[in-house]
Amino acid sequence: MLRLENISYYTIENGEKKYILRDINLSFDYGKFYAITGPNGSGKTTLAKIIMGIIKPSAGRVFLDDIDITEKDVDQRANLGVSYAFQTPVTFKGLKVSDLMNIVCKEKNIAKLCEYLSSVGLCAREYINRKVDKNLSGGELKRIELAMVLAKNGKINIFDEPEAGIDLWSFEKLTQVFSSLSSASNIIISHQKKILEICDKVIILKNGKVDKQGNFCDLKHEVCNDGCAKLRGDDERN
Ligand SMILES: Nc1ncnc2c1ncn2[C@@H]1O[C@H](COP(=O)(O)OP(=O)(O)O)[C@@H](O)[C@H]1O
Ligand SMILES: [Mg+2]
C-alpha cells in the first residue's frame with residue numbers, strides 16, 4: 001500500500017510561500033484503480049512527481065508498504081516498483097525503444113517486449129528499433145511509455161493523462177492495458193469519463209487540496225458537470 005501523509009508542496013515566490021499542494025492524506029491499495037481528476041493547475045502532476053520521487057515534498061511523508069520512502073530518489077523508488085508515465089513524455093537521445101524496454105523489463109525477452117508494444121497498439125516490428133527521439137509523435141511516445149510501464153510490471157503505476165496518446169487507438173484497448181495491471185495499485189490522472197468510471201475510487205483535487213473522494217457514481221455529478229473538473233467531450237456528459 002502507498003500512503004501519503006500530510007503532503008504539502010510549495011515554492012517561494014517574492015519571498016512568500018506559494019502552496020501547490022496542501023496537506024494531502026491519501027492511501028492506495030493493491031488491486032485497485034484510482035482516478036485523480038480536477039482542474040488544470042490543481043496539482044495532479046505535482047502529486048505524481050512527489051510519489052515518483054522526482055520532487056521532494058515541502059512537508060509530509062510518503063510510505064510504501066509502511067516503509068518511509070520520502071528520502072528515496074527516483075531510481076530507488078523505481079527499484080521498489082514505482083512507475084510513472086509522464087504527462088509529457090520524455091525522449092532519450094541515442095536510445096532505441098528496445099534499449100529502454102530492456103532496461104525496465106526483468107525478462108529481457110524480445111518476444112515479450114513485442115507483446116507489450118502490440119498491446120498498446122504499436123506494430124512491434126516497426127517500433128522496436130526506432131529511436132526514442134523527437135521523430136516520434138506525442139501519441140507514439142505516450143504509448144511507448146505505457147508499454148514500458150507494462151514491461152516493468154511494478155507495484156505502483158502512475159499514469160498522467162494517458163488518454164492524450166490514444167488518438168489513433170481506442171479507449172477499449174487502453175482499458176484492456178489497465179486490466180492487465182490489476183494486481184498493482186494504479187493511479188490514473190485523467191479527465192475522461194470512460195477512465196474515471198472504470199476506477200474503484202475517484203479523487204478530485206482543487207487548488208492543491210483533496211476536494212472530494214468516492215466512487216464514480218457518487219461523484220458523477222461533480223466530475224461531469226463541474227466547470228472545473230469537467231470531462232472532455234460534451235456529448236459524453238450525462
Ligand atoms: N516548479 C514549479 N514552480 C512553480 N510553480 C509550479 C511548479 N510546478 C508546478 N507549478 C504550478 O503548480 C500548479 C500545479 O501544477 P500541476 O501539478 O502541473 O497541475 P495539474 O497537473 O493539476 O494541471 C500550477 O499552477 C503550476 O503552474
Ligand atoms: Mg498535469
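Start by selecting strand β3 (residues 32-37) and strand β9 (residues 201-206): they pair in the parallel sense over four bridges. Helices (H or I, at least four residues) and strands (E, at least two) are DSSP runs, numbered from the N terminus, and two strands pair if DSSP finds at least two bridges between them. Strands of a sheet pair through backbone hydrogen bonds, either parallel or antiparallel. Click on Thr-37 and you'll find Ile-204 of β9 opposite.

A quick word on what you have open. This is a predicted model, where local features need pLDDT of at least 70 and side-chain atom pairs count only at pLDDT 80 or more, while totals for chains, interfaces and linings use all residues. Residues are numbered from 1 along each chain as its sequence is written, and chains are lettered from A and ligands numbered from 1 in the order in which they are written.

**Stay on β9**

Add strand β10 (residues 209-214), which pairs with β9 in the antiparallel sense over five bridges. Ile-204 turns up again here, with Lys-212 as its bridge partner in β10. Now look at the hairpin of β9 and β10: two residues sit between the strands, and Asn-207 takes a positive phi near 50°. How many of the six residues of β9 are buried? Five are, so the strand is largely enclosed by the rest of the structure. (Buried means that 20 or more other C-beta atoms lie within 10 Å of a residue's own; exposed means 12 or fewer, and partly exposed is in between, with C-beta atoms placed from the backbone.)

**Over to the ligand**

Select ligand 1 and show what surrounds it: Thr-11, Ile-20, Asn-40, Gly-41, Ser-42, Gly-43, Lys-44, Thr-45 and Thr-46. To be near it, a residue needs its C-beta atom, placed from the backbone, within 6 Å. Colour this shell by type and you get one nonpolar, seven polar and one charged residue. (Ala, Val, Leu, Ile, Met, Phe, Trp, Tyr, Cys and Pro count as nonpolar, Asp, Glu, Lys and Arg as charged, and the others, Gly among them, as polar.) Which helix gives the most to the shell? That's α1 (residues 44-52), with three residues.

While you're on α1, pick Ala-48, which is found in this helix. Ala-48 counts as buried because it has 22 C-beta neighbours inside 10 Å. Leaving aside residues up to four places away in sequence, Ala-48 touches Tyr-84, Ile-158, Asp-160 and Ile-189; contact means C-beta atoms, placed from the backbone, within 7 Å. Try a distance too: the C-alpha atoms of Ala-48 and Phe-159 are separated by 8.4 Å, though the two are 111 residues apart along the chain.

**Into the core**

The largest nonpolar core has 61 residues, and Tyr-34, Ala-35, Ile-51, Ala-147, Ile-158 and Ile-188 have the most contacts inside it. Such a core is a set of buried Ala, Val, Leu, Ile, Met, Phe, Trp, Tyr and Cys residues joined through C-beta atoms within 7 Å. Select helix α6 (residues 138-152) next, as this helix gives the core the most, with eight residues. Zoom in on Ala-147, which touches Met-101, Tyr-116, Leu-117 and Val-120, not counting residues up to four places away in sequence.

**One more sheet, then zoom out**

Show the open sheet of four strands, in the order β2-β1-β4-β5, with antiparallel pairing. Its edge strands, β2 (16-28) and β5 (67-68), each pair on one side only. Finally, display the whole chain: nine helices and 10 strands.

Methods. Contact = placed C-beta atoms within 7 Å. Nonpolar A, V, L, I, M, F, W, Y, C, P; charged D, E, K, R; others polar.
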